[in-house]
Amino acid sequence: DIDSKHGKAVGARVAWSPGLGDEIGVSMYYGCYTPSFLPSEAVWSAALDGKKTFGPFEIEAQYVYTRFQGIDRVVRGLANQVFEQALESGLSPVNTTIEFELAGLADTKHGYWVDLRYRFMPDFVRASFLAKHFENPTFVLVARGEQVWLRGMMTETAFSGGIVQAIERENRFVNRVTLGLAYRPVPLVVFQLALERTWTDHGKSLAGVTNFIPAERTQSTQSALLFGAAFGF
């Protein structure tokens with residue numbers, strides 16, 4: 001077989017389980033995040049995760065630190081590519097200033113999430129259709145908190161004649177709190193309902209730091225009611 005991909009990546013995780021329902025692990029990732037027509041630059045991540053069970057209670061968490069190397073060189077390479085393509089197409093970009101955005105590209109991204117879960121099944125529900133036809137149905141009450149910080153995030157870049165003239169950066173954060181209730185009639189089937197609140201820097205748009213919230217230019221908060229179902233085979 002011929003492997004045409006020049007940018008290789010490697011990842012690994014080591015975990016230790018001192019008991020049933022308990023685990024602590026460390027993981028890493030290293031690879032190239034740039035396409036072949038731009039300077040080759042690496043991204044690496046290191047993470048720590050763990051889970052602890054106390055009877056019906058469970059806590060699980062993870063922290064991840066990610067570093068993107070050489071983003072200034074990537075921007076200069078992109079500017080040069082645009083300049084060369086403009087010349088090849090017969091345009092004259094020498095005195096033209098072009099501005100563009102690099103969505104979410106930052107020097108470092110790091111953050112964590114923490115899940116608190118409580119498994120229960122009230123006695124008055126056991127005789128209902130939600131439980132009497134199943135061997136071990138359960139409800140799971142979930143509270144989740146998340147925080148992410150983006151340091152040196154590029155917001156706008158301008159270049160002229162293939163030379164970068166200006167790079168604007170800023171530091172941002174994203175916070176999210178989720179409260180949910182899940183129902184598992186059997187281990188491989190789950191129905192869940194959740195209320196989610198997400199916010200970022202005041203007066204900034206969530207659209208600039210998330211890839212799934214179509215926020216307005218100054219919309220820094222959003223609430224959502226979520227319903228989901230999953231089935232395993």
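The protein chain exposes about 14,700 Å², and carbon and sulfur atoms supply 59% of that area (accessible areas come from the Shrake-Rupley method with a 1.4 Å probe, and for residues only the protein chains shown count as cover). Please keep in mind that this is a predicted model, in which local features need pLDDT of at least 70 and side-chain atom pairs count only at pLDDT 80 or more, while totals for chains, interfaces and linings use all residues. Residues are numbered from 1 along each chain as its sequence is written, and side-chain values use heavy atoms, with hydrogens and water left out.

Let us start with the overall layout. The chain has two helices and 10 strands, arranged along the sequence as β-β-β-β-α-β-β-α-β-β-β-β. Both kinds of element are DSSP runs numbered from the N terminus, helices being H or I with at least four residues and strands E with at least two. Of the 233 residues, 33% count as buried (buried means under 20% relative accessible area, exposed over 50%, and partly exposed in between, with a 1.4 Å probe and protein chains only). Among contacts (heavy atoms within 4.5 Å) between residues at least 6 apart in sequence, 56% join residues at least 24 apart.

On the surface, look for a nonpolar patch of about 630 Å² made by Phe54, Phe57, Ile59, Leu116, Tyr118, Leu141 and Leu181. Strand E4 (57-68) and strand E6 (108-120) are the elements that give two or more residues to this patch. Patches are made of residues with over 30% relative accessible area and no salt bridge; like charges are joined within 9 Å, and nonpolar side chains (Val, Leu, Ile, Met, Phe, Trp, Tyr) within 5 Å. Leucine 116, in strand E6, is partly exposed with a relative accessible area of 45%.

Now for the charged side chains. The count comes to 18 salt bridges, each a side-chain nitrogen of Lys or Arg within 4 Å of a carboxyl oxygen of Asp or Glu. One of them joins arginine 13 and glutamate 23 at 2.9 Å, N to O. Since arginine 13 lies in strand E1 (residues 9-19) and glutamate 23 in strand E2 (residues 22-32), this pair ties together parts that are 10 residues apart in sequence.

Strand E6 returns with aspartate 115, whose side chain meets that of arginine 144 in a salt bridge (3.1 Å, N to O). Arginine 144 lies in strand E7 (residues 138-160), so the pair ties together parts 29 residues apart in sequence. Aspartate 115 is buried at 6% relative accessibility, whereas arginine 144 is partly exposed at 24%. Strand E7 also holds glutamate 146, which is linked to arginine 176 of strand E8 (residues 163-186), 30 residues apart in sequence. In that salt bridge the closest N and O atoms are 3.7 Å apart, and arginine 176 is buried at 12%. These residues belong to a network of salt bridges linking Glu58, Glu60, Asp115, Arg117, Arg119, Arg144, Glu146, Arg176 and Glu196.

Finally, the aromatic rings. The whole structure contains nine aromatic pairs; rings of Phe, Tyr and Trp (its six-membered ring) pair if their centres lie within 6.5 Å, and planes under 30 degrees apart count as stacked, over 60 as edge-to-face and the rest as tilted. Tryptophan 44 and tyrosine 65 have ring centres 5.7 Å apart and planes at 40°, so the pair is tilted. Tryptophan 44 lies in strand E3 (residues 42-54) and tyrosine 65 in strand E4. Separately, Phe57, Tyr118, Phe120, Phe139, Tyr183, Phe191 and Phe231 form one aromatic cluster.
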